[in-house]
Amino acid sequence: MNTKIKGRTGEDVACAYLKKKKYEIIERNFTTNVGEIDIIAAYDGYIVFVEVKARRSTEYGVPAEAVTYFKQRKISQVASQFLSKYRKLNYPVRFDVVEVYMDTMTVNHIENAFDSYLRY
């Protein structure tokens, strides 16, 4: 399975999981000149920016470990662009990571996985 297919499958699994938990999916693969956010959802009054990491095994660590400080900053910058574009600057935000283990198709949802680096 190539990385694009694996990523898309992981995102599909994550979306199904979030919908089951009553998250409203606002957008998938929101892209700007800075980068991309896999899933943007609304839940409990928050706008939730979700990074999905799919892995076949934990041989090289758990998926969330791939969300480095630099990746977090990039996600925050793209989130800021989304909030500005859709005039949602006063909404509370949260950054989650959804790990998808492809070998078992299990999901680990890490709420508030990292703090925002948003600057308006």
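Begin by selecting Arg94, which lies in strand E4 of this predicted model. With a relative accessibility of 6%, Arg94 counts as buried, because that value falls under the 20% cut-off. Display its side chain together with that of Tyr23, and a polar contact of 2.7 Å between the two side chains can be picked out. Then widen the selection to the surroundings of Arg94: leaving out residues up to four places away in sequence, it touches Tyr23, Tyr43, Tyr46, Ile47, Val48, Phe49, His109, Glu111 and Asn112.

**Along the sheet**

Next, colour the strands so that the whole sheet can be followed. In what order do the five strands of the open sheet stand? The order is E1-E2-E3-E4-E5, and the pairing is mixed. Strand E1 (24-31) and strand E5 (106-110) are found at the edges, and because each has a single partner strand, one side of each is left without a neighbour in the sheet. Looking along the sheet, one can follow a twist that averages 25 degrees from one strand to the next.

Start at the E1 edge, where E1 and E2 run antiparallel and are joined by six bridges. Select Glu24 here, and its bridge partner in E2 will be found to be Ala42. The connection from E1 to E2 is a hairpin through four residues.

Move on to E2 and E3, which also run antiparallel and are joined by five bridges. Two positions help to fix the register by eye: Ala41 stands opposite Val48 in E3, and Ile39 has Val50 as its bridge partner in E3. The hairpin of these two strands has two residues between them, and in it Asp44 takes a positive phi near 55 degrees. While E3 is selected, colour it by accessibility, since eight of its 10 residues are buried and the strand is thus mostly covered.

From E3, step across to E4, where the sense of pairing is parallel and extends over nine bridges. Ile47 can serve as a marker in this pair, with Val93 as its bridge partner in E4. The chain passes from E3 through H2 to E4, and this β-α-β crossover is right-handed.

The tour of the sheet ends with E4 and E5, an antiparallel pair held over five bridges. Select Glu99 to see it standing opposite Asn108 in E5. Now bring H2 into view against the strands: the helix packs on the sheet, where it touches E1, E2, E3 and E4, and its direction makes about 140 degrees with that of E3.

**Into the cores**

Select the largest nonpolar core, which has 15 residues, and within it highlight Ile37, Ile40, Phe49 and Phe82, the members that touch the most others. Two or more residues of this core are given by each of strand E2 (36-43), strand E3 (46-55), helix H2 (69-85) and strand E4 (93-101). Which of the elements gives the largest share? That element is H2, with five residues.

Centre the view on Phe82 and show what lies around it. Apart from neighbours within four places in sequence, Phe82 is in contact with Ile26, Glu27, Phe30, Ile40, Ile47 and Phe49. A second core of 14 residues, separate from this one, can then be selected, and Val13, Ile39, Val50 and Val100 are among its members. Ile39 and Val50 of this second core were met earlier as bridge partners.

**Two positive phi values outside the strands**

Finally, select Lys22, in the loop between helix H1 (3-20) and E1. Is Lys22 buried or exposed? Its relative accessible area is 68%, so Lys22 counts as exposed, the cut-off being over 50%. Its phi is near 75 degrees, a positive value in a residue other than glycine.

The last stop is Asn112, in the segment after E5. Although Asn112 is not a glycine, it has a positive phi of about 50 degrees. Asn112 counts as exposed at 54% relative accessibility, and it brings the tour back to its starting point, as it is one of the residues that Arg94 touches.

Terms used
Residues are numbered from 1 along each chain as its sequence is written. This is a predicted model: local features need pLDDT of at least 70, side-chain atom pairs count only at pLDDT 80 or more; totals for chains, interfaces and linings use all residues. Side-chain values use heavy atoms; hydrogens and water are left out. A nonpolar core is a set of buried Ala, Val, Leu, Ile, Met, Phe, Trp, Tyr and Cys residues joined through side-chain atoms within 4.5 Å. Buried means under 20% relative accessible area, exposed over 50%, partly exposed in between (1.4 Å probe, protein chains only). Contact means heavy atoms within 4.5 Å. Two strands pair if DSSP finds at least two bridges between them. A crossover is right-handed if, with the strands pointing away from the viewer, the path from the first strand over the helix to the second runs clockwise. Axes are lines fitted to C-alpha atoms, for helices over the stretch in contact, and angles run from 0 to 180 degrees between N-to-C directions. A polar contact is a pair of N or O atoms within 3.5 Å; within protein, one must be able to donate a hydrogen and the other to accept it, and residues adjacent in sequence count only if both atoms are side-chain atoms.
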